Amino acid sequence: MELKKIAFGGGCHWCTEAVFQSLKGVEDVKQGFIASEGKNNTFSEAVIVSFTSEIELEVLVEIHLRTHKSTSKHTMRKKYRSAVYYFTAAQKEQCLHVLQELQNKFDAKIITEILAFKEFKPSNEAFQNYYLKNPKKPFCETYINPKLKLLLNTFSNHVNVSKISNTI
């Protein structure tokens, strides 16, 4: 099966990593820091998601928008840039179209940017797979479990329940 990849940034990469690790069709999630070009050339927390045709890019983008503050311009946006990082021109066009289509489902304006992927720096090994290693830590119970519950309630047909059934 051919793997495609896309990258997402928006909130803490521990949270973003756990969300995408929970999905059917997602084969790998690399947690770290991503830089784009121009004014977005600084690194911010993000993940690279490798996925199969079992899950569509449109679904991944919608899940991303719903599991972080995609309509909020808060003071931590430099560290937590709300973005979808594309690897091809076709992905860029597809993501722009998806954002336009999904805007009607949100009360506020989506601020998530569609940006070119330029560079990736992985997180320290100790922080990779953070939720899977630490599901009972207070951070995970407070911030990640609500996102996983949202996935189960809203995107249940895309959730690999075996990955999270013992954690929430």
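Student: How do helix 2 and helix 3 stand to each other?

Tutor: This is a predicted model, in which local features need pLDDT of at least 70 and side-chain atom pairs count only at pLDDT 80 or more, while totals for chains, interfaces and linings use all residues. Residues are numbered from 1 along each chain as its sequence is written, and side-chain values use heavy atoms, without hydrogens or water. Helix 2 (residues 57-66) packs on helix 3 (residues 89-102) at about 55°, with the axes 10 Å apart. Helix 2 and helix 3 are therefore oblique (not under 35, over 145 or 65 to 115 degrees).

Student: Which residues of helix 3 make the contact with helix 2?

Tutor: Helix 2 contributes Leu57, Glu58, Val61, Glu62 and Leu65 to the contact (heavy atoms within 4.5 Å). On helix 3 the residues are Gln91, Gln94, Cys95, Val98, Leu99 and Leu102.

Student: How many residues in the contact of helix 2 with helix 3 are nonpolar?

Tutor: Cys counts as nonpolar, Glu as charged. The contact of helix 2 with helix 3 holds two charged and two polar residues, and its nonpolar residues number seven.

Student: At what angle do helix 1 and helix 5 cross?

Tutor: Helix 1 covers residues 13-21. Its axis (a line fitted to C-alpha atoms over the stretch in contact, with angles from 0 to 180 degrees) comes within 10 Å of that of helix 5, and the two cross at roughly 35°.

Student: Which residues of helix 1 touch helix 5, and how many residues of that contact are charged?

Tutor: From helix 5 come Phe139, Tyr143, Ile144, Lys147, Leu148 and Leu151, and from helix 1 Trp14, Cys15, Ala18 and Val19. By class, the contact of helix 1 with helix 5 has nine nonpolar residues, no polar ones, and, as charged, one.

Technical notes: Helices (H or I, at least four residues) and strands (E, at least two) are DSSP runs, numbered from the N terminus.
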